Structures are given as C-alpha cells and as structure tokens.
Amino acid sequence: MGSRRRRVPCPMLLGDGTMFLTLSPLLLLMTISSLLLNHHGSCQSSEFNIDGDFMLGGLFPVHYNPGAPQTSRPEVGNCLKNPVSVKGYRALQVMRFAVEEVSNSTSILPNVTLGYQIFDHCTDGHNFPAVLRVRSSNGSVTAGQRQRLDDNNFIAFIGAYSSTESMSLAPMLMMDMFPMVSYSATTSTLSDKLVYPSFMRTVPTSKAEMRLIVQIIKHFGWNWVAFLASVSDYSVNGLELFVEQTQNTSICLAYYEHLNAASHLKQVFDKLNMLNVNVIILFIEPQMAVNIVTSALKHNFHHKVWIASDAWALNQQLLKLHGLSKIGSVIGVTPTQVTLPGFEEFIYQFHHGGDSFADKGTCNQECVNCSLIKPDDVINSDPAYSFPIYSAVYTMAMALHNALHCNQSGCNKSETVLPYKVPFSNCSVECEAGYVRQQDGIHECCYTCHKCPINYYANHTADLYSCMACEISQWSEAGSTSCHQRSVEYMYLSDSHSIVLIVLLSLLLLLCVGVAVLFFLHRSTPVVRSAGGSMCYLMLSCIAASTVSVFFHIGQPTTIACALINPGYIFFYTVCMSCLFVRSFQIICVFKMATHLPRAHALWVKHSGQWLVVAAISLLQLLLCVIWTAVSPTLPTEDTTSFQHQIVLRCAGKNDAVSYLALVLLWLISGLCFCFSYMGTDLPKNYNEAKGITFSVMLFCLCWAIFFTSEIVSKSKYVQVVKAVVEMCCLCGIMFSYFAPKCCIILFQPAKNTQEYFQASIQSYTQTISRM
C-alpha cells in the first residue's frame, strides 16, 4: 500500500491561493480516495451499477451510522458494519425505478440508454470515493481540469443526502461546473450561485420551509417558542433563518440549543419546563429527532406542541414508539407528496425475482442484508424524498434530451455534450417577455404562460405570476413589459382649430356690439321697431353672453369653465329664443288674430305681454339651470376609457331629471317658435323676420343633430370642437338670419326704412288678402 501511495501524483488545483486553502482539507481525502480507486479498479456489475450511453451518479445512505466515531486521520470505514436504512434503501430504489422508466420511454431519449452508478455512504468519508469515481477518467482525477463527456459519460451527480454532505462534496464538482442535483439538501447557503454555480435541488429551500413554520406560529398566536437544532449546516441555517424571519414580529425565541450525540436531553427538557415553553421547533435530522422524542417519552416530557421540519416529519420509525400520543401534538412541515405510479409493482417484481443486492465487492456498492428487507417495508417507508429523487432523474434526462436534440425519430448521439453546459431542463418553458405564469398542477415549476392584457404589463423581477396594472395616466399594448404615458388631450389654445374658433367668436362678439350700436342710433326707425325695439338689445346681449360661454370650450377644463359651458349657454340661448318666440307670436297676432280676438290683443298690448312671457320663460329656465348646477354640476373629468393612448379632458356631468327639463324647455320654445314663424312666412317683405326665425330654428335643429351623431360615434377631443362649432353656428344663425337683413336695410336701403314704405307694404298685403 505504501509503494502505491508513492506512485500517486499529488493533485494540483488551478486558481489562486484562496481556492487552495478552501479545498486543502479535501486534498488528502482525494488522494486517499484515488488510491482506493486504483486499488479496487472498477466495481463489479451489480444493481448498484447499470451501464448506459450516459450515466448518472447517485449517493444514498443505504447503511446509516448515527454516531460515527472521530478518527485521528482520514479513513474510509466499512459501511456493512452499520444497520441498513430502509429509508435510504427506498431512495436508492426510486432512482433505479426512474432510470428504468426513462430507458423504457419512447418520448424521452428514444434511442439512448440511461445508466447509473449508485454509491452507499454511511459517513462523510464515504462520499468522496463516489464523487471521485464519477469524476475520474481512466481511474485518475486531475483537479482543475474540465472534463469532456467522451472521457467519462457521467452527466450529473444526484445527491448527497444532507446539506453538510452536499456542501463538503460541492467544491469538487463546482470547480468543473459538473451538475449536482440534491434531493434533500435544503440549506439556503447552497443557493449562492457564485459559490455553488452548478448546484441544483428538487426540494424547497430551508428559507421557504421556515417561512411556513413562522406562518403556522403566527396563525395560532404563539409567541413563546423554543428551537432545538443540531450542529449540522442544515440545523444551523434553519436557526439563522428563524431568527431572521421573526425579527420585528411578536414571536420570542425563549430558548435554543445545538444538540449532539453527547447532549444531556433531560437537562434540556428541564430548562424548557422551567421556562414554561410549550411549543418546540425541532429542525433536525431524522435519527436525532427519533432520539429526542424517545428521550422525551422516557423523561415524561409530555403534552407539548412539536413543529417538525421536513427532515423527520414523515419518519415512520416514530410511529412505532410506545406511548407516542403522550408527547403531545406534532405539526409536520413537508412538501406535497406525490405517488409514483408503477413503483410498487417495480419493488414487488424486483424482490420476487430474487434479484436483490448481494455482496459483490468493496466499492460502497454492496448490501448484504438488503435481501432481508420486505417489499412492504420499502413501500411503506418514509416517502419524503421519493418524488424529489424521481424529479432529479427526469430533470437530467430532459436536459440530455434537449442537448441531444431528440425528437420522435431519435437522438443525435454524435452531439458533443459537456456536463457544465445544465441544458434546458424545466417542467415548463420560461415565459416570454409580456407573459406571466399560471401554475398548472401542484408544482410551481409547472405552469402555462398567459399574455398580459391591454393596460397591464409583465415584470418578472417583481412578480412572475401576476400582471401589473398600469397607472391611470399610462397605457400598454397586450403583452407589454412596461407602460407608456398617455397623451392628455383637450382643446389647446395653440391648436389651429382653436385659433380659428377664437377668431370667429371674437368677430361674432364685435358684430353683436356693432349691431347694438347701429340699432341704438336708428332706434326710432320702422325697421328697428319692427325687429322688436328694445327687445333687440336683450337678444343681442344673450347672443354675446352665449358666445362668451363658447370660449370656455378652449383650454384645459376648470370648475368655473365647466359651470358656464352647458347651463350658461342653455340659459342665455333660451332667453334669446323666447324673444324670437314672442316676436313670431306677435307678428301672427297683429296680422291674423287681431281682428278675431280684439280684446285679447288689446290686453296683450296694454300689459306688455311679450315682456311677461319672456320674463316667465327666463325665470323658469334660470331656476332649472341653478338646480342643475347645484344637484349635478358639470365638472372637469378625465376620460380614461374611450381611448387607449389618450386621456381626454372634458366637462361632463350626470344627466338627471333637472338637466333634461332644461333641455326640454329649450326645445319646446324652439318648436313653438318654428310653428309661429312658419305661419308668417307669407307676410310683407318688411316683416320677413318670420323667415329668418324659421331658418335659425331649422339651423339649430340641424346643428345639434350633427353634434349628437358625432358624440355617439367618437369620444375624442374633436367632439368638443364640434360642439363649440355647433353652438357658434346656432348663434350665427340668429345673427345673420334675423339681424343682418335689417342692418342691410338701415345701411344700404334707407328708402325702405320709412313709415310710408311700411304703410304701402301693409296696404298691398291687405288688398292681396281681401282678393283671395
């Protein structure tokens, strides 16, 4: 043995001195393990070892040594001296079952066989020969040299069992980026990809498990708990996570203890009783958990609440303890268990066939007493890590399937596959940008991708499962990863149509002032008196006031502007229409009804009936507009629903009964005005305001019909432009059909603006009527 040791070269590590110091405790074990590999050669063929085109390495605690003695030098003991672990034996069988299922599959690796080499370990020292054999090429291992698959057809290593074992083996695999998939190591330390870049696992981390434990404690309102841990990395990390996650909460850690094989458990129980702690978190390995529970029963430490970590929550050995119910309540935290279809038949067939493990050599690939284990014991053993092992095998199989570009016709075996290049091996394809996950089944890894709808976006950093809503001032297309600012639309002062509208409204205002001045200067002439005399000034004032209200459509809507746009315009326009109404009625009364109702006509003239009617209509409309403004005022609103890219600012209010009454009154007056004016269209030409009134009322109806149609079709800011133009056109209709002809007579046809001309026109009309 000594001569062989001298012939083995000292492994050299590539990298800086820090890496050398980190891995130096492993070098001696690597050297010894390399000697063992050279000494034993290749292991004999057994159920621990099945050849294939590609190989998986596996490490399971088939034999278990709960209290391995400390030695003065690194050495590998004999696992066969330790008892067989049914749980570890079941784990081994699950890997065999999964590999056989993959090899028999026609959809995964169709023309490729998957093999394995499984190694038993009962102490940490038994891990290294297994890893070194997986990583060896022609019986030797060169540290720091990246291995090609054509030198060694191993693609991944499944194991080890505990976090401590995984952390001790990982450096030998991580420096070559060799995939290491653990089925039970949960410590969050292994999540550091800078230190463990090719480490993966198929179980939740301790961080997620501890989060659930803290939620359970909060749910029951407990705040006085104890934490029992071992000296392993798994337990130490669990305690650190518990302290971290209970900060700034009402939960107090009354007591904690790091236990080992030499700990005096009775003293621990006495301290817990003295502190009156009734809830104990037992975040510890299975065998130590069994020892603690057994000791608790022995020392009458009863009626407590034990929170079991996933390492021992499903331990079957505890169920066999006499008087277990006295211990109190046990709340287990464990991943959801999934049955493996066909696994029971696989176990029965294997044992009934007499093909159980036998003594085949000394390569940690033997189990003398495994044949004594009954199939039912294997099936009913702790299933906690069955599905994680099964998933680990399929994960690597699917990764290899993709790396070899497999399809229905087969796989490309000539494809160069490098282990350090962990190909896609997920249950579901990662969602594209703009899509979020929707979990499919019980596993978070399995999901379907759904596109985020309009005005939502996907932020995979913040949430993988929910679409984020855009702000009210933002928008997005379906399948977006961000939102865009909406443009704010209203009738800007700088818009061309706004400028044109301002110019036209200003001209209309100047025209109102000019007509008023012209009528005042010729107030005693027949044309002015026939137009209504002093009532003309009221009409011109209302037209001017309505014109001013149209100005408020331009610019950003404000509370004052919105209050003056609708109620203001409707009130002043109603007053103007009431004047036209009494004028049209008065014309009919003078020419057609005076002879039939002379008394009524006399009363109308004597008591200024036209002013009474105008005042009554105006007061009624004023009351309606005031109530309208008070009950449901027209206010600035942001229309965020009509357009995706825009926010349209407009004045809007609720359409209630009062607003409808105000509109009905305006339309009623307009309709009566039209009827009376239409009856007077055959009057003398000097009294042709009846035709002007008829035209203005028809223009009023036509313009508003256009506006209502455009409002139904579109909700853009241009609807406000149409409304402003419609209101201006209605005012222009009165101005140009009623006042403009009279202004032309005053300015350009003064001969027609005499009493004699009017009398002649009346006599001519009277003679024409008498002859009919």
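**Exercise 1. The whole chain**

How much accessible surface does the protein chain have, and what share of it belongs to carbon and sulfur atoms? Work this out for the predicted model shown above, then add the helices, the strands and the buried share.

*Solution.* Start with the surface: the accessible area of the protein chain is about 37400 Å², and carbon and sulfur atoms account for 59% of that. Next, turn to the fold, where you will find 22 helices and 20 strands. Finally, look at burial: of the 772 residues in the protein chain, 48% are buried.

**Exercise 2. Helix 3**

Check how far helix 3 (residues 86-103) should span, and decide how enclosed the helix is.

*Solution.* Begin with the length. Helix 3 has 18 residues, and at 1.5 Å a residue the expected span is 26 Å. Now compare that with the model: the end C-alpha atoms of helix 3 are 26 Å apart, which agrees. For the second part, recall that a residue is buried when its relative accessible area is under 20%. In helix 3, 14 of the 18 residues are buried, so this helix is largely enclosed by the rest of the structure.

**Exercise 3. A patch of charge**

Find which residues gather in the patch of negative charge on the surface, and trace them to their helices.

*Solution.* First, pick out the members: Glu344, Glu345, Asp376 and Asp377 form the negative patch. Then look for their helices: helix 10 (343-352) and helix 11 (375-379) each contribute at least two residues to the patch. Now take one member by itself. Asp376 sits in helix 11. Its relative accessibility is 40%, so Asp376 counts as partly exposed.

**Exercise 4. Backbone details in the loops**

Locate the cis peptide bond between Gly159 and Ala160, then describe the backbone at His405 and Asn455.

*Solution.* Take the peptide bond first. From Gly159 to Ala160 the bond is cis, and omega is near 0 degrees. Ala160 belongs to the loop that runs between strand 4 (154-158) and helix 5 (163-174).

Move on to His405, which is not a glycine yet has a positive phi of about 55 degrees. You can find His405 in the loop between helix 12 (386-403) and strand 12 (435-439).

Last comes Asn455, also not a glycine, with a positive phi of about 70 degrees. The loop that holds Asn455 joins strand 13 (447-451) and strand 14 (456-457). Is Asn455 buried or partly exposed? Relative accessibility is 23% for Asn455, so this residue counts as partly exposed.

Definitions and conventions. Residues numbered from 1 in each chain as written. Predicted model: local features only at pLDDT ≥ 70, side-chain atom pairs only at ≥ 80, totals over all residues. Heavy atoms only, no water. Helix = DSSP H or I, 4+ residues; strand = E, 2+ residues; numbered from the N terminus. Expected span 1.5 Å × (residues − 1). Buried < 20%, exposed > 50% of the residue type's maximum accessible area, 1.4 Å probe, protein only. Patch = residues over 30% accessible without salt bridge, like charges linked within 9 Å, V, L, I, M, F, W, Y side chains within 5 Å. Areas by Shrake-Rupley, 256 points an atom, 1.4 Å probe, with all protein chains shown as cover. Salt bridge = Lys/Arg side-chain N within 4 Å of Asp/Glu carboxyl O. Lys, Arg positive; Asp, Glu negative; His and termini not counted. Charge placed at Lys NZ, Arg CZ, Asp CG, Glu CD.
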